[in-house]
Amino acid sequence: MRKKTFAAAALLAAATFTLSACGSGDDSKSPVAVVSEEPGSDKAATVLDQPFEKPDLVLTDTHGKKYDLRKETKGHPTLLYFGYTHCPDICPTTMSNIAVAKKALPKAEQNDLRVLFVTTDPDRDTPSELGKWLKGIDPQFIGLTGDFSTIQAGARSVGISIEPTKKDKNGKVVSVHGTQVIAFSPKTDGGYLLYGEDADVDDYTKDLPKIIKGANP
């Protein structure tokens with residue numbers, strides 16, 4: 001495991017984050033740029049020296065109601081992930097890891113935590129489909145959908161690239177997207193931590209108590 005310190009502006013400018021076509025089987029993960037890293041730690045978190053602002057997004061939740069991301073999560077520890085329900089590997093694994101780790105928190109802290117799953121495949125991920133999928137992982141997780149271009153712009157504002165769904169070489173519809181989880185502090189509402197797809201249950205279990213308080217892992 002690693003701890004890296006990045007300049008947020010450099011991340012945005014260089015479009016650093018890895019893209020992954022979940023379940024496509026075509027090894028399409030490919031970082032498009034590299035920013036210097038500071039090695040030498042065993043932490044799973046990537047700490048941003050300049051936190052991201054929360055995306056200015058108003059989307060639709062699993063109940064069909066409008067959800068103002070900034071307003072609804074203000075003052076709450078928040079984890080944000082962009083993915084899609086038809087993903088057979090990275091997305092459900094990431095969400096399940098967080099769900100298991102969340103259960104180790106005291107009930108009040110579980111209720112305070114906001115875990116947002118924003119679909120990158122809104123044509124198939126209707127509010128109903130998102131609700132069914134997330135119910136099987138954690139009913140408290142918040143699923144959000146909306147216009148693809150709006151979601152894409154929101155993801156880009158925190159340095160995550162997503163692409164429209166397309167068919168892979170086998171004819172399977174896939175969604176290509178960055179696979180990072182962004183943690184936002186309840187103190188500042190800034191996105192100050194990043195977790196890659198290799199972060200596991202133990203990583204989140206150890207770090208969530210600190211994220212709840214807005215502290216560095």
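This report describes the nonpolar cores, one pocket and one loop residue of a predicted model.

## Basis of the model

Residues are numbered from 1 along each chain as its sequence is written, and side-chain values use heavy atoms, with hydrogens and water left out. Because the model is predicted, local features need pLDDT of at least 70 and side-chain atom pairs count only at pLDDT 80 or more, while totals for chains, interfaces and linings use all residues.

## Nonpolar cores

The largest nonpolar core (a set of buried Ala, Val, Leu, Ile, Met, Phe, Trp, Tyr and Cys residues joined through side-chain atoms within 4.5 Å) has 33 residues, and L79, M95 and Y195 have the most contacts inside it. Its largest share, six residues, comes from α3. M95 touches Y81, V115, F117, W133, I137 and F141, where residues up to four places away in sequence are not counted and contact means heavy atoms within 4.5 Å.

Apart from this core lies another, of 21 residues, which includes F52, L59, I142 and I160.

## A loop residue

D189 is found in the loop between β12 (181-184) and β13 (191-195), strands being DSSP runs of E with at least two residues, and helices runs of H or I with at least four, numbered from the N terminus. Phi of D189 is near 65°, a positive value in a residue other than glycine. D189 is buried, with a relative accessible area of 17%, as buried means under 20%, exposed over 50% and partly exposed in between (1.4 Å probe, protein chains only).
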